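Got the model open in your viewer? Let's walk through it one selection at a time.

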Amino acid sequence: MKRPKVGLALGGGGARGISHIGVLKVFEKYDIPIDCIAGTSIGAIIGGSYAVHKDAERVEQIVRSFVDSEAYEKSGLQLLTMNEPAENFWGQVAKSVRERIVINLAQSRSSMVNGVRLQNIINFVLEDIRIEKTQIPLAVIATDLKDGHEVIFQYGSLRTAALASAAVPGFLPPVDYLGHTLVDGAVTSPVPVEAVFGIGADVVIAVDVGQDLDMEAQNLNLIDIIFRSSTITVNKLRDHIIRKADTVIRPEVGAVHWADFSDITSLVEAGQQAAEARIDEIFDCLHDAKPFWQRFWRRSPRAVAVNGVPLVK
């Protein structure tokens with residue numbers, strides 16, 4: 001009997017996505033085959049690196065080398081995790097002034113940070129290779145601002161696809177590509193379950209590294225309200241999407257700041273622990289998998305490929 005094709009759907013979540021490496025390590029430990037990968041944002045970066053090297057230790061080494069590098073220092077990521085000013089008079093004044101500056105900048109700029117910073121990160125972590133040349137079939141997910149479609153890269157530059165997939169709206173500039181205006185894949189597919197079914201997986205294992213919803217919701221200002229509302233929307237969409245996966249791995253990283261790469265070891269270990277906790281369920285899924293044609297209804301006809309034959313129209 002032919003074994004089912006196993007696909008991984010690696011979700012977005014900034015630094016929390018380092019825990020994807022721990023999940024990959026557990027798959028290697030138990031000799032669980034990975035036949036295809038779909039990744040959103042950090043899931044595209046980690047998944048893309050793994051699809052190239054097929055070695056979780058190697059991917060971890062690359063990430064650690066980046067965090068220890070001058071490129072990381074120049075990226076400014078560490079500055080984004082700084083605590084808010086103390087809740088005294090001058091702290092409140094500083095916070096108010098900063099937020100007014102942000103609002104004023106928003107009228108004349110498409111992003112808070114120059115896209116060159118993200119490009120430098122991606123150039124450090126990912127090989128300059130075409131997606132169709134990776135060892136493991138790969139799909140990278142972005143979102144088209146013009147028509148709202150999920151966009152699936154299966155061909156072309158891995159670096160370009162990852163850049164588009166990780167372009168957080170407002171924070172990083174959109175990527176113009178073949179007439180499309182592309183931003184973070186998490187806008188339409190925070191965990192790309194449908195995409196990995198679309199590239200032929202019979203069994204889909206989703207890895208969710210989404211943000212926890214902070215239960216403190218008092219004394220919110222304008223900026224807090226905008227970000228909290230966005231988090232609620234993404235969480236609702238994510239919960240809907242992952243129901244279609246055969247099993248879901250959720251590393252305990254939801255409280256980690258998306259830009260906090262300071263403790264790679266803990267993030268990787270969180271991925272390992274979460275995958276180990278689901279290992280029996282994963283083997284059951286592999287044993288009980290149905291043929292792909294019996295599961296075709298699970299795909300949603302809305303994704304398009306921008307650099308190849310469209311998957312669906």
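**Start at a hidden loop residue**

Select A259 to begin: with a relative accessible area of 0%, A259 is buried (that is, under 20% relative accessible area, where over 50% is exposed and in between is partly exposed, using a 1.4 Å probe and protein chains only). A259 is in the loop between β8 (247–249) and α10 (264–277); helices (H or I, at least four residues) and strands (E, at least two) are DSSP runs, numbered from the N terminus. Now add G14 to the selection: G14 and A259 are 245 residues apart along the chain, yet their C-alpha atoms are separated by 6.1 Å.

A word on the ground rules before moving on. This is a predicted model, where local features need pLDDT of at least 70 and side-chain atom pairs count only at pLDDT 80 or more, while totals for chains, interfaces and linings use all residues. Residues are numbered from 1 along each chain as its sequence is written, and side-chain values use heavy atoms, with hydrogens and water left out.

**Zoom out**

Show the whole thing as a cartoon and you have eleven helices and eight strands. Of the 313 residues in the protein, 50% are buried. Contacts (heavy atoms within 4.5 Å) reach far along the chain: among those between residues at least 6 apart in sequence, 78% join residues at least 24 apart.

**Strand β1 and its partners**

Next, select residues 6–10, which make up strand β1. Five of its five residues are buried, so β1 is largely enclosed by the rest of the structure. Turn the strand around and check both faces: V6, L8 and L10 are buried on one side, G7 and A9 on the other.

Which strands pair with β1 in the parallel sense? One is β7 (residues 203–207), over five bridges, and there G7 stands opposite V204. Another is β2 (residues 36–40), over four bridges, with L8 opposite I37. Two strands count as paired if DSSP finds at least two bridges between them. Follow the chain from β1 through α1 to β2 and you trace a right-handed β-α-β crossover; right-handed means that, with the strands pointing away from the viewer, the path from the first strand over the helix to the second runs clockwise.

**Along helix α1**

Stop at S19 in helix α1 (residues 19–29). Is S19 buried or exposed? S19 is buried, with a relative accessible area of 0%. Leaving out residues up to four places away in sequence, S19 touches V209, P251, V253, L267, V268 and G271.

**Into the cores**

Color the nonpolar cores next: each is a set of buried Ala, Val, Leu, Ile, Met, Phe, Trp, Tyr and Cys residues joined through side-chain atoms within 4.5 Å. The largest has 67 residues, and I18, F27, F153 and I249 have the most contacts inside it. Helix α2 (residues 42–53) gives the most to this core, with seven residues. A second, separate core has 19 residues, including A9, A139, V196 and I242.

Then pick I122 in helix α6 (residues 115–125). At 0% relative accessibility, I122 is buried. Apart from neighbours within four places in sequence, I122 is in contact with I45, R159, A162 and L163. Try a distance to A166 as well: 44 residues away in sequence, with 9.6 Å between the C-alpha atoms of I122 and A166.

**Rings and cysteines**

The structure holds five aromatic pairs. Rings of Phe, Tyr and Trp (its six-membered ring) pair if their centres lie within 6.5 Å; planes under 30 degrees apart are stacked, over 60 edge-to-face and the rest tilted. Select F66 and Y72 for an edge-to-face example, 5.5 Å centre to centre with 85° between the planes. F66 is buried at a relative accessible area of 3%, and Y72 is buried at 8%. Add F124 and F261, and you have one aromatic cluster with F66 and Y72.

How many disulfides does the structure hold? Zero, with a disulfide being a pair of cysteine sulfur atoms within 2.5 Å. Among the cysteines, C36 is buried at 1% relative accessibility and C285 is buried at 13%.

**Last stop: two positive phi angles**

Finish with K54, in the loop between α2 and α3 (56–67). K54 is not a glycine, but has a positive phi of about 55°; at 46% relative accessibility, K54 is partly exposed. Then jump to L178, in the loop between β5 (175–177) and β6 (180–184). L178 also has a positive phi, near 50°, and is exposed, with a relative accessible area of 58%.
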